Amino acid sequence: MLPTSLEWHGIEARIYQTIDLQLLNKLFIDYINYGGYPEVVFSEEIRENPGQFIRHDIIDKVLLRDLPSLYGISDVQELNSLFTMIAYHSGAQFSYERLSKESGVKKETLKKYINYLEAAFLIKVVRRTDDTAKHYQRETQFKIYLTNPSLRCALFQPISEQDSEIGDMVETAVYAQWIPRQGASIRYANWRIGKQQGEVDIVGLNIARQKPDWAVEIKWTDRFFEHPNELVSLKYFMEKNQMNYALVTSISKSGSIKVENLTLQFIPVACYAYIVGENTMNHTKASYGL
């Protein structure tokens with residue numbers, strides 16, 4: 001990765017580029033399928049069957065042993081089935097009603113299980129905001145992400161660039177870089193006005209002002225670099241909140257594009273995930289005085 005800079009919101013931001021984007025994208029897919037665990041990286045024996053290690057040594061031990069003993073869970077299979085369903089749909093929008101109906105778990109028990117899974121750092125619940133970045137008074141919908149995309153691949157199977165799940169897993173991989181960031185107030189925006197339905201993948205909130213400071217649309221395609229006007233929800237959100245800048249990820253395209261009075265900064269998603277990951281690591285070091 002090559003360090004460079006980008007003018008962003010009137011300041012010079014440090015970002016990274018790569019001399020071999022094809023290789024970086026391959027490594028990014030490898031990360032989605034197998035990455036995130038040092039044991040897998042450093043052990044040749046584990047690398048031969050990373051799914052078995054992640055499934056048995058991490059997922060099963062936490063779900064079948066640690067959580068039941070810690071919280072007195074009697075129906076281990078119920079918890080395991082719920083986690084499996086969440087893992088398969090990582091990045092999807094849920095409600096307690098829908099989860100209860102599809103999993104067969106009572107709502108109150110469901111809420112406890114989700115809290116337990118989040119405490120075990122297996123999942124992260126991301127709260128929803130509306131088109132003006134305000135909180136919903138009654139929080140009925142939310143998204144759930146795996147803290148590591150390879151958890152899904154260990155339970156099911158590795159994915160490729162062509163699989164229909166790639167978009168959700170790319171989004172999960174990006175959120176996985178944000179989740180450990182202490183103090184980061186990130187949401188996703190989702191709204192319905194009449195027949196209009198809109199969504200923006202990541203919104204950084206200014207808690208004091210209850211306004212968005214920045215927005216990111218996660219895409220695993222180069223299409224919108226050529227057709228930025230198709231980013232209807234993002235454009236609406238920016239105009240509604242008087243935002244001049246937003247970031248859009250791609251597979252391989254980089255550059256700044258003007259759409260009317262809005263600036264869309266495109267960056268390959270593998271580079272963006274790397275940048276967020278490094279910034280999170282540096283932020284954590286600084287918080288401990290390192």
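**Notes on the sheet and its nonpolar cores**

1. Let's start in the sheet, where Ala 189 faces Val 200 of β7. Ala 189 is also the residue opposite Thr 129, and Ala 189 belongs to β6. Strands here are DSSP E runs of at least two residues and helices are H or I runs of at least four, numbered from the N terminus. Two strands are said to pair if DSSP finds at least two bridges between them.

2. A word on the source before going on. This is a predicted model, in which local features need pLDDT of at least 70 and side-chain atom pairs count only at pLDDT 80 or more, while totals for chains, interfaces and linings use all residues. Residues are numbered from 1 along each chain as its sequence is written, and side-chain values use heavy atoms, with hydrogens and water left out.

3. Now the sheet as a whole. It is open, has nine strands with mixed pairing, and follows the order β3-β5-β4-β6-β7-β8-β9-β11-β10. Its edge strands, each pairing on one side only, are β3 (93-94) and β10 (255-259). As a reminder, strands of a sheet pair through backbone hydrogen bonds, either parallel or antiparallel.

4. You may like to trace β4 next. β4 and β5 run antiparallel and are joined by five bridges; Val 126 has Lys 143 of β5 as its bridge partner. With β6 (residues 186-193), β4 runs parallel, through two bridges. Five of the seven residues of β4 are buried, so this strand is largely enclosed by the rest of the structure. Buried means under 20% relative accessible area, exposed means over 50%, and partly exposed lies in between (1.4 Å probe, protein chains only).

5. Continuing along the sheet, β6 and β7 pair in the antiparallel sense over seven bridges. β7 (residues 196-206) is antiparallel to β8 (residues 211-217) as well, with five bridges joining them. Leu 205 has Pro 212 in β8 as its bridge partner. The hairpin of β7 and β8 has four residues between the strands, and in this hairpin Gln 210 takes a positive phi near 55 degrees. β8 is then joined to β9 (residues 245-250) by two bridges, this time in parallel, and Glu 217 has Val 248 of β9 as its bridge partner.

6. Two helices that lie across the sheet deserve a look. α7 lies across β4 and β5, at about 115 degrees to β4. Helix α11 (residues 232-240) lies across β6, β7, β8, β9, β10 and β11 (262-268), at about 55 degrees to β7. Axes are lines fitted to C-alpha atoms, for helices over the stretch in contact, and angles run from 0 to 180 degrees between N-to-C directions. Contact means heavy atoms within 4.5 Å.

7. What fills the largest nonpolar core? It has 34 residues, and those touching the most other members are Phe 83, Leu 99, Leu 117, Ile 123 and Ile 144. Two or more residues each come from α4 (50-71), α5 (76-88), α6 (96-103), α7 (107-119), β4 (123-129), β5 (142-146) and α8 (150-155). α4 gives the largest share, seven residues. A second, separate core has 33 residues, among them Tyr 145, Met 169, Val 174 and Ile 186. A nonpolar core here is a set of buried Ala, Val, Leu, Ile, Met, Phe, Trp, Tyr and Cys residues joined through side-chain atoms within 4.5 Å.

8. How do α5 and α7 meet? Their axes come within 11 Å and cross at roughly 70 degrees. The two helices are therefore roughly perpendicular to each other, a class that covers 65 to 115 degrees; under 35 counts as roughly parallel, over 145 as roughly antiparallel and the rest as oblique. Glu 78, Leu 79, Leu 82, Phe 83 and Ile 86 of α5 make the contact with Thr 109, Leu 110, Tyr 113 and Leu 117 of α7.

9. Finally, three residues to click on. Leu 82 sits in helix α5 and counts as buried at 1% relative accessibility. Leaving out residues up to four places away in sequence, Leu 82 touches Leu 99, Ser 103, Leu 110 and Tyr 113. Leu 82 and Leu 110 are 28 residues apart in sequence, with 8.5 Å between their C-alpha atoms. Beyond its neighbours within four places in sequence, Leu 99 has contacts that include Met 85, Phe 94, Phe 142 and Ile 144. Ser 100, in helix α6, also counts as buried, at 18% relative accessibility.
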